[in-house]
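Work through the exercises below with the sequence and the model open. Each task is followed by a stepwise solution.

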Amino acid sequence: MDVSQTQTTGRMAETDTALERLYRDHAAWLLRLAVRLTGRLDTAEELVQETFLRLAQQPDAGRSPENPRAWLCRVTVNLWRDRLRRLRWRRFLPLACSPDLPDGHDTEADYLQQDRIAKVRQALSRLPDRDRLLVVLYWDEMSYAEMARVLDLRVTTVGKALSRAIDRLAALLE
């Protein structure tokens, strides 16, 4: 093996290590976000795979983005939006805000909880995409600065828009 092949192999190993580290650190969170956006685990898994594939295809894939969580979130959200535009099903795609209860739970409290979850899902699915995304990111404890990067907004705009989105959600739940 000559020197250039050794250098290339070394860079590929560094890239794999950086990608593996990013995947290990962010994939679970990103999958939860994608499930909440799409309402389907299989679709969410596809979005997450595509997001990491896009990261691997970057010219400087060996380096982590400046803010990996915001970058990964933004790519996932953009892929989701592209998918919505292609399918033109916006009003039919529910947002899964929390997982269903496992089988075997049949107490009255469990049914009430399921009813609340269904009402929140329905209300969230009726919000405009940006409002829905703001609420989901807020529930996932993303900072205003991270939300601003994902949505390409000013931080002050995020606060105002989030407040309006929460008000709209509350009105739908009344």
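**Exercise 1.** Place R149 in its element, classify its exposure and list its contacts beyond four places in sequence.

Solution. Step 1: in this predicted model, R149 belongs to helix 6. Step 2: its relative accessibility is 42%. Buried needs under 20% and exposed over 50%, so R149 is partly exposed. Step 3: leaving out residues up to four places away in sequence, R149 touches N67, A70 and R74. Step 4: check the C-alpha atoms of R149 and A70. They are 6.4 Å apart, with the two positions 79 residues apart along the chain.

**Exercise 2.** Is E146 buried or exposed, and which residues does E146 contact outside its neighbours within four places in sequence?

Solution. Step 1: E146 sits in helix 6, which covers residues 144–151. Step 2: the relative accessible area of E146 is 14%. The cut-off for buried is under 20%, so E146 is buried. Step 3: with neighbours within four places set aside, E146 contacts N67, R69 and A70.

**Exercise 3.** Compare the span of helix 2 with its expected span, then list its buried residues.

Solution. Step 1: helix 2 runs over residues 41–56, 16 residues in total. Step 2: the expected span at 1.5 Å a residue is 22 Å. Step 3: from first C-alpha to last, helix 2 reaches 23 Å, close to that expectation. Step 4: its buried residues are T43, A44, L47, V48, T51, F52 and L55. Step 5: take F52 from that list. Beyond four places in sequence, F52 touches L22, Y23, A27, L30 and L72.

**Exercise 4.** How many residues form the largest nonpolar core, and which elements give two or more residues to this core?

Solution. Step 1: the largest nonpolar core has 33 residues. Step 2: L33, F52, C73, L137 and V150 have the most contacts inside it. Step 3: two or more residues come from each of helix 1 (3–38), helix 2, helix 3 (68–87), helix 5 (129–139), helix 6 and helix 7 (155–173). Step 4: a second, separate core has six residues, among them A123, L124, A165 and L169.

**Exercise 5.** Describe how helix 5 and helix 7 cross, and classify their contact.

Solution. Step 1: the two axes come within 9 Å and cross at roughly 100°. Step 2: angles of 65 to 115 degrees count as roughly perpendicular, so helix 5 is roughly perpendicular to helix 7. Step 3: helix 5 brings R130, D131, L134, V135, Y138 and W139 to the contact. Helix 7 brings V158, A161, L162, A165, I166, R168 and L169. Step 4: by class, the contact has 10 nonpolar, no polar and three charged residues.

Technical notes. Residues are numbered from 1 along each chain as its sequence is written. This is a predicted model: local features need pLDDT of at least 70, side-chain atom pairs count only at pLDDT 80 or more; totals for chains, interfaces and linings use all residues. Side-chain values use heavy atoms; hydrogens and water are left out. The expected span of a helix is 1.5 Å times one less than its number of residues. Buried means under 20% relative accessible area, exposed over 50%, partly exposed in between (1.4 Å probe, protein chains only). Contact means heavy atoms within 4.5 Å. A nonpolar core is a set of buried Ala, Val, Leu, Ile, Met, Phe, Trp, Tyr and Cys residues joined through side-chain atoms within 4.5 Å. Axes are lines fitted to C-alpha atoms, for helices over the stretch in contact, and angles run from 0 to 180 degrees between N-to-C directions. Angles under 35 degrees count as roughly parallel, over 145 as roughly antiparallel, 65 to 115 as roughly perpendicular and the rest as oblique. Ala, Val, Leu, Ile, Met, Phe, Trp, Tyr, Cys and Pro count as nonpolar, Asp, Glu, Lys and Arg as charged, and the others, Gly among them, as polar.
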